[in-house]
Amino acid sequence: MTGHVNSYYAASANPHAPWPRLEEGLTCDVCVVGGGYTGLSSALHLAERGYKVVLLEASRIGFGASGRNGGQIVNSFSRDIDTIERNCPPAQAKLLGSMLFEGGEIIRERIERYRIQCDHRVGGVFAADTERQLHELKAQQARWQRWGNDRLELLDREGIRRVVQSDRYVGGLLDLSGGHLHPLNLALGEAEAIRSLGGLIFEQSPVTELVPGEVVTVKSERGSVRARFVVVAGNAYLGNLVPELAAKSMPCGTQVLTTEVLGEARARELLPQNYCVEDCNYLLDYYRTSADHRLIYGGGVVYGARDPADIARLIMPKLLKTFPQLAGVRVEYSWTGNFLLTLSRLPQFGRIGSNIYYMQGYSGHGVTCTHLAGRLLAEALAGQAERFDAFANLPHYPFPGGRLLRVPLTAMGAVWYSLRDRLGI
Ligand SMILES: Cc1cc2nc3c(=O)[nH]c(=O)nc-3n(C[C@H](O)[C@H](O)[C@H](O)COP(=O)(O)OP(=O)(O)OC[C@H]3O[C@@H](n4cnc5c(N)ncnc54)[C@H](O)[C@@H]3O)c2cc1C
């Protein structure tokens, strides 16, 4: 039996009973493999459309990145629309541009419709360490406004000091259609919503084999599911279940820590409006305060997803660079989680044969895009695949160096990008 990692989120999760283990043979319309946001959003959109859905999770709901992340509702995709416009035909870019802010809307709609208690707060800030980054944020503001986001405000040095009490930044971009939440409680609330619509969820039920066919057989350790369609949503935790998916992506670890309770006054001194913040560096820092007034601070990347031994030693220097006033603060929780990187940093959606679908590789920014992925998957199965295919047709490449050398080569690339960030070039 495996359980949630020992995180602040697991410790502050809403009460939730475990779901049963699959120990029988079932038949359904769609079997979903993986109980993170990709799988949950797919199952929920499908259940809302009346499909008979079974979701199989290897461990617990929200065991993966979805229950461990920074909780930041970041709009757009891990690469922004300008990259897409440069690399895709105009009609495809237009369709993708029209979806830039939809994932966040879906999350807010879910929270409201299903009354999910997940400490949702409005407002996210992109913080610039350098003038070059601020210049790029200005361009991002113009791009996002062009695609309909009128909730943006560019912040100069004084402006960002009003929202982040740190001397580090030269400015930033505030997005009032972003925000933050308790990520595990969102996942648990979505699982409850699926149940309320008749969907079946099983935990501790790792899928060991997919037997393709007109009806796919999904084999788990003690049971199986026969389904017309399968959704593979294991992302960085999928392992080698579907070798062609493993070949074109790379699991990476990123680490998060949570301080002791600071108290409301001290928390508001750091982040007066309670916005979440991420910086603009290639290896970025992301942070916010929790509902019980702790600082939750994440950053860094471990390529190849090894678990670092001492997370506080990795993250504390970053935290103290941003907030030197917290010197001596106690760390109460620290954990690592894996996201799935693609070479283009654009998500990978597609089909294997005609009835096995996959969505993965959000490259570090997946809270919103996973929710969009679920809606597009449900549309595709209902016969409206245009929007799903706008993602499925994005170009993708294997990592140079194959499975052996992809980790050192990508780490070398990251060293170059972070040097560029530090030098401000
Ligand atoms: C530490 C961290 C911080 C992050 N912060 C942010 C953030 O602030 N904002 C943001 O936008 N993004 C963030 N991300 C990225 C975001 O969390 C992910 O992109 C997103 O949660 C991916 O969701 P998912 O459902 O695709 O994958 P996951 O949440 O990883 O879920 C996959 C699930 O599939 C299950 N599974 C795998 N294989 C099998 C199998 N064979 N059988 C059954 N089940 C299986 C796993 O157990 C797991 O529960 C962060 C990621 C990490 C790791």
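How many of the 14 residues of helix H8 are buried? Keep that in mind as we walk through this predicted model, starting with the helix itself.

**Stop 1: helix H8**

Select residues 183-196 to bring up H8. From first C-alpha to last, this helix of 14 residues reaches 20 Å, close to the 20 Å expected at 1.5 Å a residue. Here is the reply to our opening: 11 of the 14 residues are buried, so H8 is largely enclosed by the rest of the structure. Colour the buried ones: Pro183, Leu184, Asn185, Leu186, Ala187, Leu188, Gly189, Glu190, Ala191, Ala193 and Ile194. Now add some of the elements that cover them, including H1, H2, S2, helix H5 (102-113) and strand S7 (200-202). Before leaving, click on Gly198, which follows H8 and has a positive phi, near 95°.

**Stop 2: Gly62**

Next, select Gly62, found in the loop between strand S2 (53-56) and S3. Is Gly62 buried or exposed? Gly62 is buried, because 28 other C-beta atoms lie within 10 Å, and 20 or more are enough to count as buried. Leaving aside residues up to four places away in sequence, Gly62 touches His4, Gly35, Gly36, Gly67, Leu184, Ala187 and Leu188. You have met Leu184, Ala187 and Leu188 already, among the buried residues of H8. For a distance to try in your viewer, pick the C-alpha atoms of Gly62 and Gly253: these are separated by 16 Å, with the two residues 191 apart along the chain.

**Stop 3: the surroundings of the ligand**

Move on to the ligand. Which residues come nearest? Of the 44 residues around the ligand, they are Gly34, Gly36, Gly64, Gly70 and Gly366. To see elements that give two or more residues to this shell, show helix H2 (37-48), strand S11 (250-259), strand S15 (331-341) and helix H12 (367-381). Colouring the shell by class gives 19 nonpolar, 23 polar and two charged residues. Domain 1 and domain 2 each contribute at least three residues to the shell.

**Stop 4: two domains**

Give each domain its own colour. The domain assignment places 1-120 + 181-249 + 342-394 in domain 1 and 123-177 + 250-338 in domain 2. Their C-alpha centres lie 26 Å apart. Where they touch, domain 1 provides 25 residues and domain 2 provides 26 residues. On the domain 1 side, helix H1 (8-11), strand S3 (72-73) and helix H3 (81-87) supply at least two residues each. That side of domain 1 divides into 11 nonpolar, 10 polar and four charged residues.

**Stop 5: strands S8, S9 and S10**

Finish with strand S9, residues 216-220. Which residues make up its covered face? They are Val216, Val218 and Ser220, while Thr217 and Lys219 form the uncovered face.

Now show the partners of S9:

- Strand S8 (residues 207-211) runs antiparallel to S9, joined by four bridges. Glu209 has Lys219 as its bridge partner in S9. The hairpin of S8 and S9 has four residues between the strands, and Gly213 there takes a positive phi near 160°.
- Strand S10 (residues 224-232) is also antiparallel to S9, again with four bridges. Look for Val216 standing opposite Ala227 in S10. S9 and S10 form a hairpin too, with three residues between them.

Notes:
Residues are numbered from 1 along each chain as its sequence is written. This is a predicted model: local features need pLDDT of at least 70, side-chain atom pairs count only at pLDDT 80 or more; totals for chains, interfaces and linings use all residues. A residue is near a molecule or strand if its C-beta atom, placed from the backbone, lies within 6 Å of it. Ala, Val, Leu, Ile, Met, Phe, Trp, Tyr, Cys and Pro count as nonpolar, Asp, Glu, Lys and Arg as charged, and the others, Gly among them, as polar. Domain bounds come from an automatic or database domain assignment. Two residues are in contact if their C-beta atoms, placed from the backbone, lie within 7 Å. A residue is buried if 20 or more other C-beta atoms lie within 10 Å of its own, exposed if 12 or fewer, and partly exposed in between; C-beta atoms are placed from the backbone. Two strands pair if DSSP finds at least two bridges between them. The expected span of a helix is 1.5 Å times one less than its number of residues.
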